[in-house]
Structure formats: C-alpha cells, structure tokens
Amino acid sequence: MADLRFNNFSFFLVSFASLLVATSCRGHSRNALFIFGGSWNDVGNNNYMETAIKANFLPYGETFFKNATGRASNGRLVPDFIAGFAKLPLIPPYLSPDNNEFTNGLNYASAGAGALTETNVGKTIGLKTQLSFFKYTKKHLDVKLGEAKTKTLLSRALYMFSIGSSDYITFATHKTTEHPSYTREEYVKAVIGNLTDAIQEIHNMGGRKFGFSNIGDVGCSPFLRALNNAKNNGSGCMDEVTILAELHNKALTKALRKLQTKLEGFKYSSFDLYAASKERIDNPSKYGFKEGKVACCGTGPYKGNLTGCCPKTVCDHANDYLFFDGVHPTEKANYQYAKLMWSGRADIVKPYNLKTLLKKI
C-alpha cells in the first residue's frame, strides 16, 4: 500500500508541536488509552485538516457538549465513555494544539479513515499515518518519562481500534472504478493485513492490551439504505456491504486468535458490534429507542443523506433514535455499546471485556 501523503508539511509540525508543549508528566494514570480508527472514534482530529469529512458544526455535539467538537454524534462517542469507565479524562485528539498532558493517552482516529491507504486518500488520516503519530508520541514519552517508565505505561495502556467500515463502503460503492481487480476475499485480506501489521508494530513498541470492535451492521444504516434505494430501487439494506462486514468479522476473529499465539503477552477484547447494532436496528424499542432505521438528522429517504444534517433537519429528541445521522449512532447508542465493551458478557465481548482486560498484568 502506498504511503498517505499530505501537501502541507505544517500538518506534521502542528502535530509534533502539540506534544512538545507538554512540560509536565505529573501523576500519569496506570492505564492510558490510545485510540485508532475512523469516525466512530474521531473526537476532532479532522477539525485540523482541510477536508470536507468533519462534524464541526451544529447539531453535532449539541446534546452533551452544547457545541460541535468534531464528534459525529449529538454527544459523546464510545471512547469517551470508555475513558470515563476507566476513570480517565476525555482523551483529546492528537492534532489539537491544546494538548499539554498526554500521559493519559491520545486519540489518533480520523473520520473517513480506512485500514487501506487508498480509502479516502488525502481527505483523512489513514491507519498507517495514525500509527506514525503514535510513534511520535512514544518518542516524546521516552524523553519526558524515561524509557523505563514509558515501557511500563505502554504495557499497561489500552489500544482501541474501530476501523474498516469506510474501506468496505468505498469498495461496495466504487468497485467498478477504483477496485476493479479485487475479489471480496482479497479485499478483506488486505484490510485485515494492514490492521494486523499495525497491531504488531504497536506490540513491538510495548503495547500488550488491545480492544477491538468488529464491523457493525453498517449495510443497514440509513445512509446505505437510502443509497440502495436510489441505485437499485430497493428498500432494504445494502447486501454487498453486509457480506463484506461478515467476511471481515470472521477474518478478524481468526487473525486475533493467531496473534494471541504469536505475540508474547498479547491480550485482547473483541466486541461484536455487528450483533449489537443489528439487534438494535431490528428491535429498537427493546433498548429504549423509538426508531432504528431512520436517522435523527438528515434529508431524503431514511434521512440518510449525510450532507443534509443541519439544525433545520434535526429531530426533537435525538436519543429516541439509534442513528444520529446516516451512519453514526446517537450518544445513547454509543453509551450502550461502550457499556457492553466495558462489562459485557462473553456472548458479546470476548475473550475478555475491557474492564477485565485492564486488570490483566
């Protein structure tokens, strides 16, 4: 895969400068949180990029933050809740110039990002570049804390990943032009390959505890229902994305088991987001939602038009909805997913939930 390039070198300088301003390492937490992925995890990195893929305008953020922070929801995201459960403050975006204390961790996630460099290239921070930012972080921690303390911090930290949806949406909707030669299986293999490469690199730098979400039932999101309706005159889910998600999830399970036998000290938690999201789409009232198929904010069929979310199109009670916009959950849904990840049973998160994983030595 080719490296993701940025035209403006200051993009990197701002990133690294934000680390250099940290002059104190007082009282760092036992469990730091380092977050990678796409829009479900992005807490504002895309705000600092020249890209149209961002959520830096109302009504995003209005329920909890009262203003837009770059989170693609009406409030907090899953990593925000996980940080709270772990007794950590909100983990800031890596690119924020306001970072002055990062021993609690950093968030590298970027809306639109994929495991593949080609996914939304030039518009987002792909996984490979997110990993390079983490390497900068480790170097700075080595200087500030010393290598021994940094090694301890990184070995106790949790590394969260939620990535792949953008890869598969891109493949399913642009297959004939951008990915004509890939079979489904080859494409999934490439995505999983890049993800496992990143895991192994973090492990080589001292990471031991990893938390994953598989691909949710994104084929049945309002955005893809609407797209399917427009392209195929259908009224249901986009089956191609659903098939890709199922292939990915099976491959991810196999890959994580293999890494567990291969990498010394590697421990992980894998959350079945596909099952959790599908259950809520199909049975919203069971989980306190009034609507599981139509978004709170947007235009068109299912309110699935992602560019149509604005103050004029937002619903009155966001947390009555599973989806805030065409793809992203409401804060209420994010809380439910985070709670399952943190303390859920073995039928939904395995082999450990995050609460148990963080207690492992």
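These legends go with a set of close-up views of one predicted model.

Residue numbers start from 1 along each chain as its sequence is written, and side-chain values use heavy atoms, with hydrogens and water left out. Since the model is predicted, local features need pLDDT of at least 70 and side-chain atom pairs count only at pLDDT 80 or more, while totals for chains, interfaces and linings use all residues.

**View 1. Six strands line up as an open, mixed sheet.** Reading across, the order is β2-β1-β3-β4-β5-β6. Helices and strands here are DSSP runs (H or I, at least four residues, for helices; E, at least two, for strands), numbered from the N terminus. Two strands pair if DSSP finds at least two bridges between them. The edges belong to β2 (105–107) and β6 (349–351); each has a single partner strand, so one side of each is left without a neighbour in the sheet. From one strand to the next, the twist averages 20°.

**View 2. Strand β5 sits between β4 and β6 in the strand order.** On one flank, β4 (residues 209–213) and β5 (residues 267–271) are joined by five bridges in the parallel sense. Look for K209 opposite K267, and for F210 opposite Y268. On the other flank, β5 and β6 run antiparallel, with three bridges between them; here S269 faces P351 of β6. How much of β5 is covered? Most of the strand: four of its five residues are buried, where buried means under 20% relative accessible area, exposed over 50% and partly exposed in between (1.4 Å probe, protein chains only).

**View 3. Helix α10 lies across four strands of the sheet.** This helix (residues 331–343) crosses β3 (158–162), β4, β5 and β6. Against β5, α10 runs at about 145°. Axes are lines fitted to C-alpha atoms, for helices over the stretch in contact, and angles run from 0 to 180 degrees between N-to-C directions.

**View 4. Helices α3 and α6 pack at an angle of about 5°.** The pair, α3 (residues 127–145) and α6 (residues 184–204), has its axes 10 Å apart. The two are therefore roughly parallel to each other; angles under 35 degrees count as roughly parallel, over 145 as roughly antiparallel, 65 to 115 as roughly perpendicular and the rest as oblique. From α3 come L127, L131, F134 and K135, and from α6 come N194, L195, A198, E201 and I202. Contact means heavy atoms within 4.5 Å. Sorted by type, the residues of this contact are six nonpolar, one polar and two charged. For that tally, Ala, Val, Leu, Ile, Met, Phe, Trp, Tyr, Cys and Pro count as nonpolar, Asp, Glu, Lys and Arg as charged, and the others, Gly among them, as polar.

**View 5. C220 and C237 form one of the three disulfides in the structure.** Their sulfur atoms are 1.9 Å apart; a disulfide is a pair of cysteine sulfur atoms within 2.5 Å. The torsion about the S-S bond is about 105°, so this disulfide is right-handed. C220 lies in the loop between β4 and α7 (222–232), and C237 in the loop between α7 and α8 (239–262), so the bond ties together parts 17 residues apart in sequence. Both cysteines, C220 and C237, are buried.

**View 6. Two disulfides share the loop between α9 and α10.** In one, C296 bonds to C315, S to S 2.1 Å. That link has -95° about the S-S bond and is left-handed, and its cysteines are 19 residues apart. In the other, the sulfur atoms of C297 and C309 are 2.1 Å apart. Here the torsion is about 110°, so the C297 and C309 disulfide is right-handed. The pair ties together parts that are twelve residues apart in sequence. C296 and C315 are both buried, as are C297 and C309. With the bonded cysteines of the chain numbered in sequence order, the pairing reads 1-2, 3-6, 4-5. C310 is in no disulfide, and the nearest cysteine sulfur, that of C297, is 6.2 Å away. C310 is partly exposed, at 27% relative accessibility.

**View 7. T313 is tucked into the loop between α9 (273–282) and α10.** With a relative accessible area of 16%, T313 is buried. Leaving out residues up to four places away in sequence, T313 touches C296, C297, G298, T299, K303 and G308.
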